[in-house]
Amino acid sequence: MSTHLLEALSEKADEFIALRHDIHRHPELAFDEHRTSALVADKLQSWGYAVERGLGGTGLVGRLVRGDGQRRLGLRADMDALPIFEATGLPHASCHAGVMHACGHDGHTAMLLAAAQHLAQSRNFSGTLNLIFQPAEEGGGGALRMMDDGLFEKYPCDAVFAMHNMPGTPQGRLVLREGATMASSDYATVTLTGVGGHGAMPHQATDPIVAAASIVMALQTIVSRNIDPLQMAVVTVGALHAGKANNVIPQSATLELSVRALDREVRRKLEQRIKALITAQAESFEVRAQIAWRPGYAVLVNTPEETAFAREVALELVGEERVTRQGLALSASEDFAFMLERVPGSYLFIGNGDGDSAGACMVHNPGYDFNDANLPIGAAYWVLLAQRFLV
Ligand SMILES: [Zn+2]
Ligand SMILES: [Zn+2]
């Protein structure tokens, strides 16, 4: 175990816990991370990083080159908060009502900053270190926006890594996984148009509600009948709106769908079957169906070589007992998936706490808080990974 590195970062922990609390107190929503990105840029500059702001709006990159090593490493943290009213009652609780760091991105940012300071001061690597602070992970696709602004053309990376905290997993445990790790997420709005009329004379109308009800049920057969039972797939109808009065057949009905998969082929199959089934069902009820399909995040796939490397670093840092070599995949989504479509790399988890501990409260819950005990561990992990990669 690399205890001296953990000790070195534990000594600086108070400074970065205070920084994390400051970011937590001032949460900012997607693409609105002006204060946070200014704070990150100031810190990086003060430690000697070359900083470029304005990638993907509020995103930024800090670059540090040491020695004559040819390898280029990317480490990524996310900075955005969520539209949630915080209910932790903590001294560092959000001072912006209705906005909250409920996913721990304040902690991710602070961990990477702590590592950034240590690496700048210890100068213990040879190569190019690119620290990527992205906006809008929570649905806004900030990673994609940074890439559209030339992230990997301006800052080429041989590999990229990112870390997310995970409530329900013992505090400080590092969880790695090769292959598909986070699900794709796609969305659709379906508008069914019939002919409105009097509820007493249904034969003179074309009822979109009956069609919508049938479509909701039929959609359930896609996962059960069209997808390999050994594959994961989710089709959720999260909203269904139609009608206002009990004696009126409305003109239209709308459905909102959310669709997830852990495999690129399954993802394509779901889209194809959902569209075909809705179109055919609508036709059978003589209503018109319009489907607005909105692709969301891609499947997040960790590459084998880089995951094996990230796993070795974890084992070296915290030892066998605190590492899960191949964890479970999750049905949630993450836009680091887009970076991994371009550059090999790996996305890992750090346990936020389990059982009855405060850290077990799930992310996106108003009672959630990032576990400060993870700050030195996550930071030491980034330091060690950079030192092992940039040789
Ligand atoms: Zn989140
Ligand atoms: Zn998150």
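**Exercise 1. Aromatic pairs**

Task: State how many aromatic pairs the structure holds, and work out how the pair of Phe 16 and Trp 47 is classed.

Solution: The structure, which is a predicted model, holds eight aromatic pairs. For Phe 16 and Trp 47, begin with the ring centres, which lie 6.2 Å apart, and note that centres within 6.5 Å are required for a pair. Next take the angle between the planes, which is 55°; since planes under 30 degrees apart count as stacked and those over 60 as edge-to-face, with the rest as tilted, the pair is tilted. Then place the two residues: Phe 16 belongs to helix 2, while Trp 47 sits in the loop between helix 3 (34–46) and strand 1 (50–55), so the pair ties together parts that are 31 residues apart in sequence. Finally, both Phe 16 and Trp 47 are buried.

The procedure can be repeated for Phe 309 and Phe 389, whose centres are 5.6 Å apart and whose planes make an angle of 65°, an edge-to-face pair. Phe 309 lies in helix 9 (residues 304–318) and Phe 389 in helix 11 (residues 374–389), so this pair ties together parts that are 80 residues apart in sequence. Phe 389 has a relative accessible area of 5% and is therefore buried. As a last step, ring pairs link Phe 161, Phe 309 and Phe 389 into a cluster.

**Exercise 2. Packing of two helices**

Task: Describe how helix 2 and helix 4 pack, and sort the residues of their contact by class.

Solution: Start with the geometry: helix 2 (residues 13–25) and helix 4 (residues 105–122) pack at an angle of about 145°, and their axes are 9 Å apart. The crossing of helix 2 past helix 4 is right-handed. Now list the contributors, which on the side of helix 2 are Glu 15, Phe 16, Leu 19, Arg 20, Ile 23 and His 24, and on the side of helix 4 are Asp 106, Gly 107, Thr 109, Ala 110, Leu 113, Ala 114 and Gln 117. Sorted by class, this contact has six nonpolar, four polar and three charged residues.

Helix 4 also holds His 118, which is buried because its relative accessible area is 11%. Setting aside neighbours within four places in sequence, His 118 is in contact with Leu 5, Ala 8, Leu 9, Lys 12 and Val 383.

**Exercise 3. The zinc site**

Task: Identify the donors of the zinc ion (ligand 2), and explain which parts of the chain are tied together by Cys 103 and His 164.

Solution: The zinc ion (ligand 2) is coordinated by the SG atom of Cys 103 and by the NE2 atoms of His 105 and His 164, at 2.1 to 2.3 Å. Read along the chain, these donors follow the spacing C-x1-H-x58-H. Cys 103 has a further role in the geometry, as Cys 103 bridges the zinc ion (ligand 2) and the zinc ion (ligand 1), which lie 3.1 Å apart. Cys 103 is found in the loop between strand 3 (72–78) and helix 4, and His 164 in strand 5 (residues 159–167), so the pair ties together parts that are 61 residues apart in sequence. To finish, check accessibility, for which the cut-off for buried is under 20%: Cys 103, at 7%, counts as buried, and His 164, at 8%, likewise counts as buried.

**Exercise 4. Positive phi and accessibility**

Task: Locate Arg 123 and His 364, and decide whether each is buried, partly exposed or exposed.

Solution: Arg 123 has a phi near 50°, a positive value in a residue other than glycine, and is found in the loop between helix 4 and strand 4 (127–134). With a relative accessible area of 53%, Arg 123 is exposed, because the cut-off for that class is over 50%. His 364 has a phi near 75°, again positive in a residue other than glycine, and is found in the loop between strand 16 (345–353) and helix 11. The relative accessible area of His 364 is 39%, and therefore this residue is partly exposed.

How values were computed: Residues are numbered from 1 along each chain as its sequence is written. Chains are lettered from A and ligands numbered from 1 in the order in which they are written. This is a predicted model: local features need pLDDT of at least 70, side-chain atom pairs count only at pLDDT 80 or more; totals for chains, interfaces and linings use all residues. Side-chain values use heavy atoms; hydrogens and water are left out. Axes are lines fitted to C-alpha atoms, for helices over the stretch in contact, and angles run from 0 to 180 degrees between N-to-C directions. Helices (H or I, at least four residues) and strands (E, at least two) are DSSP runs, numbered from the N terminus. A crossing is left-handed if the near helix is turned anticlockwise from the far one by less than a right angle, and right-handed if clockwise. Contact means heavy atoms within 4.5 Å. Ala, Val, Leu, Ile, Met, Phe, Trp, Tyr, Cys and Pro count as nonpolar, Asp, Glu, Lys and Arg as charged, and the others, Gly among them, as polar. Donors are N, O and S atoms within 2.8 Å of the metal (3.2 Å for Na, K and Ca); water is not among the atoms, so sites may look incomplete. Buried means under 20% relative accessible area, exposed over 50%, partly exposed in between (1.4 Å probe, protein chains only). Rings of Phe, Tyr and Trp (its six-membered ring) pair if their centres lie within 6.5 Å; planes under 30 degrees apart count as stacked, over 60 as edge-to-face and the rest as tilted.
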